[in-house]
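Okay, thanks everyone. I'd like to walk you through one structure today, so let's get it up on the screen.

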Amino acid sequence: MSKSLNVFKKPLALHSTQPMTGFTRTGYCEVPAGDYGNHAVAAEVTEEFLDFTARQGNDLRPIPGMKAGCKWCLCAT
């Protein structure tokens, strides 16, 4: 269980382990020291989002199990 809190001051819920997400690959969208991208946004990705990120040079599809409908922690910055 993560020790980080969400915006409601409640413990973070596990977001995804298939694929394993989070800056430290714990399954939580927490922001530890050193996470300068701030991977705090919990999202369910779409095909359009995957296409967009690939065009920006950040293709997520090579991550095992990544496809539309997956839950993923996104950068807030």
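Let me start with a question: does S16 count as buried or exposed? S16 counts as buried, because its relative accessibility is 7%. Before I go further, do keep in mind that this is a predicted model.

So where does S16 sit? You'll find S16 in the segment before β1, the strand that covers 41-44. Leaving out residues up to four places away in sequence, S16 touches T21, G27 and K71.

Now H15. H15 lies in the segment before β1, and H15 counts as buried, because its relative accessibility is 17%. The contact list here, again leaving aside neighbours within four places in sequence, runs to T21, G27, C29, A42, A43, K71, W72 and C73. Hang on to C29 and C73 from that list, since they're my next topic.

On to the cysteines. How many disulfides does the structure hold? The structure holds one disulfide. Quick reminder for anyone still on their coffee: a disulfide is a covalent bond between the sulfur atoms of two cysteines. Here the partners are C29 and C73, with an S to S distance of 2.0 Å. The pair links distant parts of the chain, 44 residues apart, with C29 in the segment before β1 and C73 in strand β2, residues 71-74. As for handedness, the torsion about the S-S bond of C29 and C73 is about -85°, so this disulfide is left-handed.

Both partners are tucked away, by the way. C29 is buried at a relative accessible area of 10%, and C73 is buried with 3%.

What about C70? C70 is in no disulfide, and the nearest cysteine sulfur, that of C73, is 12 Å away. C70 counts as buried, because its relative accessibility is 7%.

Then there's C75. Why is there no bond from the sulfur of C75 to the closest cysteine sulfur? Because that closest sulfur, in C73, is 9.7 Å away, which is too far for a bond. C75 counts as partly exposed, with a relative accessibility of 39%.

Okay, charges next. The count comes to two salt bridges. One of them is between the side chains of E47 and R61, at 2.7 Å from N to O. That pair links distant parts of the chain: E47 is in helix α1, residues 47-55, and R61 is in the loop between α1 and β2, 14 residues apart.

Which residue does R61 form a salt bridge with when the closest N and O atoms are 2.6 Å apart? That's D51. R61 lies in the loop between α1 and β2 and D51 in helix α1, so this pair ties together parts that are ten residues apart in sequence.

Put those together, and E47, D51 and R61 are linked in a network of salt bridges. How accessible are the three of them? E47 is partly exposed, with a relative accessible area of 37%. R61 is partly exposed with 31%, and D51 is partly exposed with 33%.

Last topic: pockets. The largest pocket holds about 260 Å³ of space. Its lining is made up of S4, L5, N6, V7, L12, A13, H15, C29, E30, V31, A40 and A42. You'll recognise a couple of residues there: H15 is one of the lining residues, and so is C29 from the disulfide. By class, the lining of the largest pocket divides into eight nonpolar, three polar and one charged.

The second largest pocket has a volume of about 220 Å³. Of the 15 residues that line the second largest pocket, the closest to its centre are N58, W72, C73, L74 and C75. Which element gives the largest share of that lining? That's β2, with three residues. More broadly, α1 and β2 each supply at least two residues of the lining of the second largest pocket. By class, this lining has eight nonpolar, six polar and one charged residues.

To wrap up, here's the thread I'd follow through the picture. C29 and C73 are joined by the disulfide. C29 is among the residues lining the largest pocket, while C73 is among those closest to the centre of the second largest pocket. And H15 is in contact with both C29 and C73. That's me done, so over to you.

Technical notes
Residues numbered from 1 in each chain as written. Predicted model: local features only at pLDDT ≥ 70, side-chain atom pairs only at ≥ 80, totals over all residues. Heavy atoms only, no water. Helix = DSSP H or I, 4+ residues; strand = E, 2+ residues; numbered from the N terminus. Buried < 20%, exposed > 50% of the residue type's maximum accessible area, 1.4 Å probe, protein only. Contact = heavy atoms within 4.5 Å. Disulfide = S-S within 2.5 Å. Salt bridge = Lys/Arg side-chain N within 4 Å of Asp/Glu carboxyl O. 1 Å grid on protein atoms, 1.4 Å probe; cavity = no way out; pocket = protein on both sides within 12 Å on 5 of 7 lines; lining within 4 Å. Points joined across faces, edges and corners; volume = space filled by probe spheres on them. Nonpolar A, V, L, I, M, F, W, Y, C, P; charged D, E, K, R; others polar.
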